[in-house]
Amino acid sequence: MKRVGVFVCHCGSNIAGVVDVKKVAEAAKEFRDVVFATDYEYMCSDPGQELIRKAINEHQLNRVVVASCSPRLHEETFRRCCESAGLNPYLFEMANLREQVAWCHAKDKEAATAKAIELIRGAVAKVRRSAPLTPGVVPITKKALVIGGGIAGIQAALDIADAGYKVTLVEREPTIGGAMVKLDKTFPTLDCSA
Amino acid sequence: MVAAARHPNIELLTYSEVEDVSGYVGNFEVTIRKKARKVDATKCRGCGVCWEKCPTKVDSEFEQGLAKRKAIYIPFAQAVPAIPVIDQEHCLYFTKGRCGVCQKVCPAKAIDYEQQDEIIKDKFGAIIVATGFELFNWREVYGEYGYGKYPDVIDSMQFERLNVSSGPTGGKILRPSDGREPKTVVFIKCVGSRDEAKGKSYCSRACCMYTAKHAHQVLEKIPGAQVIVFYMDIRTPGKAYEEFLERTIHEGAIYVRGRVSKVFPEGDKLIVKGEDTLLGRPVEVAADLVVVVPAMVPSRGWDKLAKMLGLQTDKDGFFQEAHPKLRPVETFTAGVFLAGACQGPKDIPDTVAQASAAAAKAILLLSKDEMATEPMVASVDQSVCAGCGLCVEVCPYKAISLTTIAERVGGREITRQVATVNTGLCQGCGSCAVTCPSSAMNLKGFTNEQILAEVDAICL
């Protein structure tokens, strides 16, 4: 039995200023297997995540859709949130109502709201067919490669080496030093660059 | 530099280039070409007899063409390591098969004309990319400043070399044409920066400050000198930066807001024509030395390295961070971090800060014995796989190979080829899944069934 929860985020006014989030949450309730849908100001905030966790427990949700920003920003946040409520983090799906709706259709609120509903409809259809996934485990070679022997590469290599790890510093020129070693005094303190 | 060379945990591979990277976070397999210096580093004592006696003189890259070096050389006196390299493009032995002086005079018998490039293969858990910047090649496009053919129109890196006590003029600011001390020095900022027509659209960030430093250095070193700085805007956000600029202005630097339209020689002067846009009138200066301040661009070879490491770049070739605010030193390739100007133009304080941030991320990774891998990887339904191998060809991570399996069909044992996925190498891009003609390949978390259901829900 699939039990999907849909959580619509306002992102302050980023989404709610364009999309009718109440209407979207109401519409989501009608989708197949959706047993709970709501909206909140900042879904990524602590109270927002707590709201998701509570709903997972109260409504025995086994699939979650958060309709908010790009997964690039908060996919990990919400996966961890689901996991902390005992749900496999891969039974979670995101619908992007910010970059793909509010920000690019700011002038047409009605159409934006309609598109938001459709994106959630798609996400719900996808998450209904999700299977729990488990990460694999790989060993780590305790050695770093730094490409470039200018001030950035030297600083990074020294920090890693001082932490006790082996570092190979590769520089294509015959000497390390990069651009900085060509400089005289450096601003704003006018100390030397050697 | 010396601290890095002497650190027991740091192996220094200079005159070397990364040729190939495979593997994945925690387990990168890297091939490095250590180019032949033609000098045996274990024997060389850095005495310098070889470059003293070498008869071939070439423009020094390190001195920005303001001085000569020999065909066997160290880039500068404090180079690390202090082991010379033979420039095979100019060395008489390699171009004409004669000379051989360096080998004859070397007391340590370190010159080895037969030395070959060395290929080093090693495994690494994390990679930091710190390939830096170079200056925009203004000489190719800025005809109004003379395409670099006027000797006394130089760029800021050349001006730096004139200021360094170990540089070509011993730290004196002198004109390259006649060695005279310039009395009027003009700086032209934003040459290639914020100039979409001829250069780049971005601001190079460090130039306003280092030009203020250069102006200060002229006023400090040349009594009675006049410094005029042409600028579009002055941008000096940073701790103690604005104060530094104010100090330079109080010392007498004249800042003129406007672009320079033309520089041309007249007698032994350079006439700089521009506009003071605040006063709304044309300006003309008879200068002795003109310094153009070029944009910062990514170091050559950025495209090759981006391909090798699977890095994304912006339109100008700077490596793309995973998130502009929240993941500024990470990349979309797990285990590869960015430090310094290869990510975008920046000054030294920002570079050092970012380098330490990248190091911290690398240390975080190396401090673990093992790590979890992304489970959203490709998987093959071998019962459906026809073994066509199309997925092997399209996989950008070399994660798929064909193997032979044995199975019983109708009571007989047969063998056939099927695809298998190395889940450590697979990055979950999905190229194989869309290519597979028999739908045997699926991306976990994005299965064909899931994607079709999503599309149907939206479209039907």
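These exercises walk through a predicted model of chains A and B, each with a worked solution.

In this predicted model, local features need pLDDT of at least 70 and side-chain atom pairs count only at pLDDT 80 or more, while totals for chains, interfaces and linings use all residues. Residues are numbered from 1 along each chain as its sequence is written, chains are lettered from A and ligands numbered from 1 in the order in which they are written, and side-chain values use heavy atoms, leaving out hydrogens and water.

**Exercise 1. Describe the contact between chain A and chain B.**

Step 1: Start with the residues. Chain A gives 67 residues to the contact and chain B gives 102 residues, where contact means heavy atoms within 4.5 Å.

Step 2: Turn to area. The two chains bury about 7,200 Å² between them, with 65% of it on carbon and sulfur atoms. Buried area is the accessible area (1.4 Å probe) that two parts lose on being put together, summed over both.

Step 3: Look for charged pairs. There are 5 salt bridges between chain A and chain B, a salt bridge being a side-chain nitrogen of Lys or Arg within 4 Å of a carboxyl oxygen of Asp or Glu. In one, B:Asp369 pairs with A:Lys142, with the closest N and O atoms 3.4 Å apart.

**Exercise 2. Place the salt bridge of A:Lys185 and B:Glu220 in the structure.**

Step 1: Take the distance, which is 3.9 Å from N to O.

Step 2: Find the elements. A:Lys185 lies in the segment after strand 7 (166-170) of chain A and B:Glu220 in helix 7 (residues 207-221) of chain B, so the pair joins two chains. Helices (H or I, at least four residues) and strands (E, at least two) are DSSP runs, numbered from the N terminus.

Step 3: Check exposure. A:Lys185 is partly exposed at 29% relative accessible area, and B:Glu220 is partly exposed at 45%. Buried means under 20%, exposed over 50%, and partly exposed in between (1.4 Å probe, protein chains only).

**Exercise 3. Work out what the salt bridge of B:Glu160 and B:Lys213 ties together.**

Step 1: The closest N and O atoms of B:Glu160 and B:Lys213 are 2.4 Å apart.

Step 2: B:Glu160 sits in helix 6 (residues 156-163) of chain B and B:Lys213 in helix 7 of chain B, so the pair ties together parts 53 residues apart in sequence.

Step 3: Both B:Glu160 and B:Lys213 are buried.
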